[in-house]
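Me: I should like to go through this structure step by step. Please take the sheets before the ligand.

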Amino acid sequence: MSRDTSALLRTPLTERLGCRYPIVQTAMGWVADANLVIATTRAGGFGFLAGATIAAERLEGEIQKVIAATGGSNFGLNFHMFQDNAAQCVDLAIQYRLKAVSYGRGPDKKTIARFKAAGVLCIPTVGALKHAVKAVELGADMLTIQGGEGGGHTGGVPTTILLPQVLDAVKVPVIAAGGYSTGRGLAAALAAGAAGIAMGTRFMMTTDSPTPPATLQRYVAVDDPQKIRVTLAVDGMRHRMIDNPFIRRLEAASPFGRLAIALKSAWHWKRQTGMSAGHMLGVLRRAIKEDPSTVSQTVMSANQPVLLQRSMVEGFPDEGILPSGQVAAAIGELQSCRQVIEGIAGEAEACLAALLARASDAAPDGGPGKPFVRWPEVVPASSSPNPIPLETAP
Ligand SMILES: Cc1cc2nc3c(=O)[nH]c(=O)nc-3n(C[C@H](O)[C@H](O)[C@H](O)COP(=O)(O)O)c2cc1C
């Protein structure tokens, strides 16, 4: 029996965000630029610009670039309230009537009310049940939950535990993140009650990503999820990244050694961004005043942008950090955003259709009916159409 599967992927996410597929490209520092958001939007997903790492003087231009290329403001902006230009991010999201904003430690109720008045949806990312409840109390329109297997700063609760916990606790639509790269994953999330999935690592590992080939090569090469681990050594918070000599050196160093590494990379930071010695000294002075025992941590934290830039922008994967979800170990090739999105959508539809077929084949007396058939035995796998080998990636 042929079945219309087009409705299977219609969810509160596609309806409220106005995209074709329930697939979100999350914000990633130095990665989620206008081009990635444009490629995602054109392929039917929903993309977030990484407002925390786009220089203040370039931010409005990046927003305008996406609007010009996609013919609208159906995309989002990610920012953090602690970044210097947080007020600019808030104002620009409202001025351009962007469809959504995402954030971690979030804006207060007053700022959220401004977004709501302008029709900008608030979609914070949370890594724990209590943060989910709090975010909804503050006015979140939807939530992205990120399980601990997700990339970058991440919590300690796996997606399979966090998603049902949050679905039980809140009434707003919930988007599942942390560990997704396949249509099977999307089907599972939708079957559990999620409104869609959000992915960082999978979108970074595309031919539309600005990440340099030498660095992408590291992400493609890693094949053991355990080598994509959490460290506290960068800024004292749980940060998931690919194991490399730099973080091993940082972790092995004494507090004094860590300070030396921090100051050395802070010096690079100064040289590369033109940051003044006065600013560096200011960071150091504040750190000593606040808590002398954590001074190297504070300097590392202030210094994090250069550690990211070294690997993610300049293409020296051993001299910086490589934030990544464990799912990178399951991704063996780069594809375009379109291939990723259409492949995942097609596979999810086939999975869900197979489940529905099984339900309608069940015996009338409520018995088990036909034995379950894995969908690839019914429908040919479609997840990797025309994979683009890494060598040909830009
Ligand atoms: C390279 C990289 C950089 C990231 N940078 C940010 C960031 O700047 N802000 C943020 O909110 N999340 C950031 N994240 C987290 C992602 O937005 C997303 O929540 C996470 O990657 C989802 O898990 P996944 O990697 O398993 O798909 C980053 C993730 C990666 C892999």
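**Sheets, helices and ligand shell**

Reply: In this predicted model, nine strands form an open sheet in the order β5-β4-β3-β2-β1-β10-β9-β7-β6, and their pairing is parallel.

Me: Which strands stand at the edges of this sheet, each with a single partner strand?

Reply: An edge strand has one side without a neighbour in the sheet, because it has a single partner strand. In the order given, β5 begins the row and β6 ends it. The edge strands are therefore β5 (121–122) and β6 (125–126).

Me: Which residue in β9 stands opposite Gln-146?

Reply: Strand β7 covers residues 143–146 and strand β9 covers residues 174–177. Four bridges join these two strands in the parallel sense. Opposite Gln-146, in β9, stands Ala-177.

Me: What angle does the direction of α6 make with that of β7?

Reply: Helix α6 packs on the sheet, where it touches β6 and β7. Its direction and that of β7 make an angle of about 165°.

Me: At what angle do helices α6 and α7 pack?

Reply: Helix α6 spans residues 129–138 and helix α7 spans residues 159–169. Their axes are 9 Å apart, and the crossing is right-handed. The packing angle is about 35°.

Me: How many nonpolar residues does the contact of α6 with α7 have?

Reply: From α6, Leu-129, Ala-132 and Val-133 meet Gln-165, Val-166 and Ala-169 of α7. By class, this contact has one polar residue and no charged ones. The number of nonpolar residues is five.

Me: Turning to the sheet of three strands, which residue in β12 is the bridge partner of Arg-229?

Reply: This open sheet has the order β8-β12-β11 with antiparallel pairing, and β8 (152–153) and β11 (228–231) are its edge strands. Strand β12 (residues 239–242) is joined to β11 by four bridges. The bridge partner of Arg-229 in β12 is Met-241.

Me: How many polar residues does the shell around the ligand have?

Reply: The ligand is surrounded by 28 residues, and the closest are Gly-150, Gly-151, Gly-152, Gly-200 and Gly-325. Helix α9 (residues 201–204) supplies the largest share of the shell, three residues. By class, eleven residues are nonpolar and two are charged, while the number of polar residues is 15.

Me: Which domains give residues to the shell around the ligand?

Reply: The ligand lies between two domains, because both give residues to the shell around it. These are domain 1 (6–208 + 336–342) and domain 2 (227–327).

How values were computed: Residues numbered from 1 in each chain as written. Predicted model: local features only at pLDDT ≥ 70, side-chain atom pairs only at ≥ 80, totals over all residues. Near = placed C-beta within 6 Å. Nonpolar A, V, L, I, M, F, W, Y, C, P; charged D, E, K, R; others polar. Domains from an automatic or database assignment. Axes fitted to C-alpha atoms, helices over the stretch in contact; angles between N-to-C directions. Left-handed = near helix turned anticlockwise from the far one by under 90°. Contact = placed C-beta atoms within 7 Å. Pairing = 2+ DSSP bridges.
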